[in-house]
Amino acid sequence: LHDLMVSCEAMTPGEIKSHGKGICITYGISETPFGKALIGWTRRGICHLSFCEIDCLSEEKDLFSQWPEAVFVHQDSDAEKMSEQIFSERRENLKLHLLLNGTNFQIKVWEALLNIAPSELVSYDTLAKLAGSPSALRAVGSAMAANKIAYLIPCHRVIRKEGSFGNYRWGNDRKLAIHA
């Protein structure tokens, strides 16, 4: 993934059922090459990366609602450091770990996305096949919409079958900029 070494693990069923109880999530807002972003992470890895328009309030609410029982610590300076790592042009030996919160199917789709080469674009059909469910196009689209880790789980690499870019949760202009 853009010369990054990305590994991931899923939340346990108990952690999901408890809505993050006992988990501390550090988060902050940072500038990126693609605009402001809200980044959230635990000691186990990055659990949230969403692009913001102006003030990131709706993204904060989304993060808090995803983990309603977690403890949150706001650290913009640490988010800046994390952003520098994620978006740096010099990524030698950088390893990032992601902490995924989703259904088994969503995680299969996200893992399939992680296996797409950085310069490659795929259709929803191809992604469904890569996820092992060739007829589940709508479910693949829903899994992409549920992705809470922008850029690192590269939904931006999926296009429509006829070649158009389609919609992107964080804006089509941003999707085009990521590919530039």
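Let us start with one residue: Tyr151 is buried, with a relative accessible area of 4%. Keep in mind as you explore that this is a predicted model. You can find Tyr151 in the loop between helix 6 and strand 8. Its backbone deserves a look too, since Tyr151 has a positive phi of about 65° although it is not a glycine. Most residues other than glycine have a negative phi.

Now look at the ring of Tyr151 and its partner. The structure holds 9 aromatic pairs. In one of them, the rings of Phe87 and Tyr151 have centres 4.7 Å apart and planes at 35°, so this pair is tilted. Phe87 belongs to helix 3 (residues 76–87), while Tyr151 sits in the loop between helix 6 (137–145) and strand 8 (158–159), so the pair ties together parts that are 64 residues apart in sequence. Like its partner, Phe87 is buried, at a relative accessible area of 10%, and buried here means under 20%. The picture widens when you follow other rings: ring pairs link Phe34, Phe51, Phe87, Tyr151, Tyr168 and Trp170 into a cluster.

A second residue with a positive phi is Cys56, where the angle is near 70° and the residue is again not a glycine. Cys56 lies in the loop between strand 4 (45–51) and helix 2 (57–66). Cys56 is buried as well, with a relative accessible area of 1%.

Next, turn to strand 2. Of the 9 residues in strand 2 (residues 24–32), 7 are buried, so this strand is largely enclosed by the rest of the structure. What joins strand 2 to strand 5 (residues 71–74)? The link consists of 4 bridges, and the two strands run parallel. Within this pairing, Cys24 stands opposite Val71 in strand 5. Strand 2 is also joined to strand 3 (residues 35–42), here by 7 bridges and with the strands running antiparallel. One example is Ile29, whose bridge partner in strand 3 is Leu38. The connection between strand 2 and strand 3 is a hairpin that passes through 2 residues.

Thr26 gives you a close-up of this region. Thr26 is found in strand 2, and at 15% relative accessibility it counts as buried. Leaving aside neighbours within four places in sequence, Thr26 is in contact with Ile39, Gly40, Trp41, Val73 and Gln75. In a regular strand the side chains alternate between the two faces of the sheet.

From strands we can move to a helix. In helix 4 (residues 104–114), the buried residues are Gln106, Ile107, Val109, Trp110, Ala112, Leu113 and Leu114. An α-helix has 3.6 residues a turn, so residues three or four places apart point the same way. What do the buried residues of helix 4 pack against? Their neighbours are strand 1 (5–10), strand 6 (95–100), helix 5 (124–130), helix 6 and strand 8.

Pick out Ile107 as a guide to this helix. Ile107 is located in helix 4 and counts as buried at 10% relative accessibility. Ile107 and Ala10 are 97 residues apart in sequence, yet their C-alpha atoms are 7.6 Å apart in space. Not counting residues up to four places away in sequence, Ile107 touches Ala10, Leu100 and Gly102.

Another residue to visit is Met11, in the loop between strand 1 and helix 1 (13–17). Met11 counts as buried, at 6% relative accessibility. Again not counting residues up to four places away in sequence, Met11 touches Ile16, Ile23, Arg44, Trp67, Leu99, Leu100 and Asn101. The C-alpha atoms of Met11 and Ala112 are separated by 18 Å, and the two residues are 101 residues apart along the chain.

Our last stop is an empty space. How many cavities of 30 Å³ or more does a search of the whole structure find? The search finds 1, and the volume of the largest cavity is about 50 Å³. Around the largest cavity you will find Cys47, Gln66, Leu99, Leu100, Asn101, Trp110, Asn147, Lys148, Ile149 and Ile153 as its lining. Sorted by character, this lining has 6 nonpolar, 3 polar and 1 charged residues. Some names here are ones you have met already: Leu99, Leu100 and Asn101 are among the residues that Met11 touches, and Trp110 is one of the buried residues of helix 4.

Conventions. Residues are numbered from 1 along each chain as its sequence is written. This is a predicted model: local features need pLDDT of at least 70, side-chain atom pairs count only at pLDDT 80 or more; totals for chains, interfaces and linings use all residues. Side-chain values use heavy atoms; hydrogens and water are left out. On a 1 Å grid over the protein atoms alone, a cavity is a set of points where a 1.4 Å probe fits but cannot get out, and a pocket is an open set with protein on both sides within 12 Å along at least five of seven lines; lining residues have an atom within 4 Å of a point. Grid points are joined across faces, edges and corners, and a volume is the space filled by probe spheres set on the points. Ala, Val, Leu, Ile, Met, Phe, Trp, Tyr, Cys and Pro count as nonpolar, Asp, Glu, Lys and Arg as charged, and the others, Gly among them, as polar. Rings of Phe, Tyr and Trp (its six-membered ring) pair if their centres lie within 6.5 Å; planes under 30 degrees apart count as stacked, over 60 as edge-to-face and the rest as tilted. Buried means under 20% relative accessible area, exposed over 50%, partly exposed in between (1.4 Å probe, protein chains only). Two strands pair if DSSP finds at least two bridges between them. Contact means heavy atoms within 4.5 Å.
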